[in-house]
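Q: Please give me a close look at one part of this structure. I am new to it, so take your time and explain each term as you go.

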Amino acid sequence: MVLSVLCFVVLRIAIVSKIPKGHTLIELVLVMGIVSILFAVVVLNVNPLENKQNARDQKRMSDLQLLDRVVNEYLVDKKTLPTSLSTDLSEYTVKIPVDPIDDAIYYYQYAQNVVTYELSAVLENSPDISKNDGGNDDDAYELGNDLTLISP
Ligand SMILES: [Ca+2]
Ligand SMILES: [Ca+2]
């Protein structure tokens, strides 16, 4: 009887002592999973401001490439360049894009001189692209067939 009680007590202690270990292991796995998820979230959002600036810069470059295509198609069809971006260009694009910020610093510029033109946009976080586009403004992304029409 004593032996069975002793076995019961030992078994009970073993079960009780294993349950916390099991919980600890599960908790450890859960904590590691949560920490991994948090780490991934932190890594993805290391610098959300920089990510947003890069996204806006990508949109600016793609918008200017669209405008470049529109201006060239207009030139081919009409044998002249549009006088401004407010010219009716609905034949060539649904909507003329505007800068994602569109304020006194960040806006799209267009200049033309009969058959030469330049499109320009100030980028927020892509200095290498602005410097190496062949234009005369290291602080702006320039596109066109005469990149001296718009000067810094
Ligand atoms: Ca430039
Ligand atoms: Ca220029």
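**Strand E2 and its surroundings**

A: Let's start with one pair: Glu118 faces Gly144, a residue of E3, across the sheet. This is a predicted model, in which local features need pLDDT of at least 70 and side-chain atom pairs count only at pLDDT 80 or more, while totals for chains, interfaces and linings use all residues. Residues are numbered from 1 along each chain as its sequence is written, and chains are lettered from A and ligands numbered from 1 in the order in which they are written.

Now for the setting. The protein has 3 helices and 3 strands; these are DSSP runs, H or I of at least four residues for helices and E of at least two for strands, numbered from the N terminus. Along the sequence they follow the pattern α-α-β-β-α-β. The strands make an open sheet, ordered E1-E2-E3, with antiparallel pairing; two strands pair if DSSP finds at least two bridges between them. E1 (108-113) and E3 are at the edges with a single partner strand each, so one side of each has no neighbour in the sheet. On average, neighbouring strands are turned by 20 degrees against each other, direction ignored. (Such angles are taken between lines fitted to C-alpha atoms, for helices over the stretch in contact, and run from 0 to 180 degrees between N-to-C directions.)

What joins E2 to its partners? On one side, E1 and E2 run antiparallel and are joined by 6 bridges. Asn113 is opposite Thr116 in E2, and Ala111 has Glu118 as its bridge partner. On the other side, E2 and E3 are antiparallel too, over 5 bridges. Besides the pair we began with, Val122 is opposite Ala140 of E3.

The turn that leads into E2 deserves a stop. E1 and E2 form a hairpin with 2 residues between them, and Val114 in that turn has a positive phi of about 65 degrees. Most residues other than glycine have a negative phi. Val114 counts as exposed, because it has 7 C-beta neighbours inside 10 Å. Here "exposed" means 12 or fewer other C-beta atoms within 10 Å of a residue's own, "buried" means 20 or more, and "partly exposed" is in between, with C-beta atoms placed from the backbone.

How enclosed is the strand itself? E2 has 5 buried residues out of 7, so the rest of the structure largely encloses it. Over the protein, 17% of the 152 residues count as buried.

Next comes the helix that packs against the sheet. H2 lies across E1, E2 and E3, and runs at about 20 degrees to E3. H2 has 31 residues and spans 44 Å from first C-alpha to last, close to the 45 Å expected at 1.5 Å a residue; that expected span is 1.5 Å times one less than the number of residues. Its buried residues are Asp57, Arg60, Leu64, Leu67, Val70, Val71 and Tyr74, and the buried residues of H2 pack against E1, E2 and E3. An α-helix has 3.6 residues a turn, so residues three or four places apart point the same way.

Helix and strands come together in the largest nonpolar core, which has 15 residues; those with the most contacts inside it are Leu64, Leu67, Val71, Tyr117, Leu119, Ala121 and Tyr141. (A nonpolar core is a set of buried Ala, Val, Leu, Ile, Met, Phe, Trp, Tyr and Cys residues joined through C-beta atoms within 7 Å.) H2 (48-78), E2 (116-122) and E3 (140-144) each supply at least two of the core residues, and H2 gives the most, with 5.

Leu119 is a good residue to finish on. Apart from neighbours within four places in sequence, Leu119 is in contact with Leu64, Leu67, Asp68, Tyr108, Tyr110, Leu143 and Gly144. Two residues are in contact if their C-beta atoms, placed from the backbone, lie within 7 Å. Across the protein, 51% of the contacts with a separation of 6 or more are between residues 24 or more positions apart.
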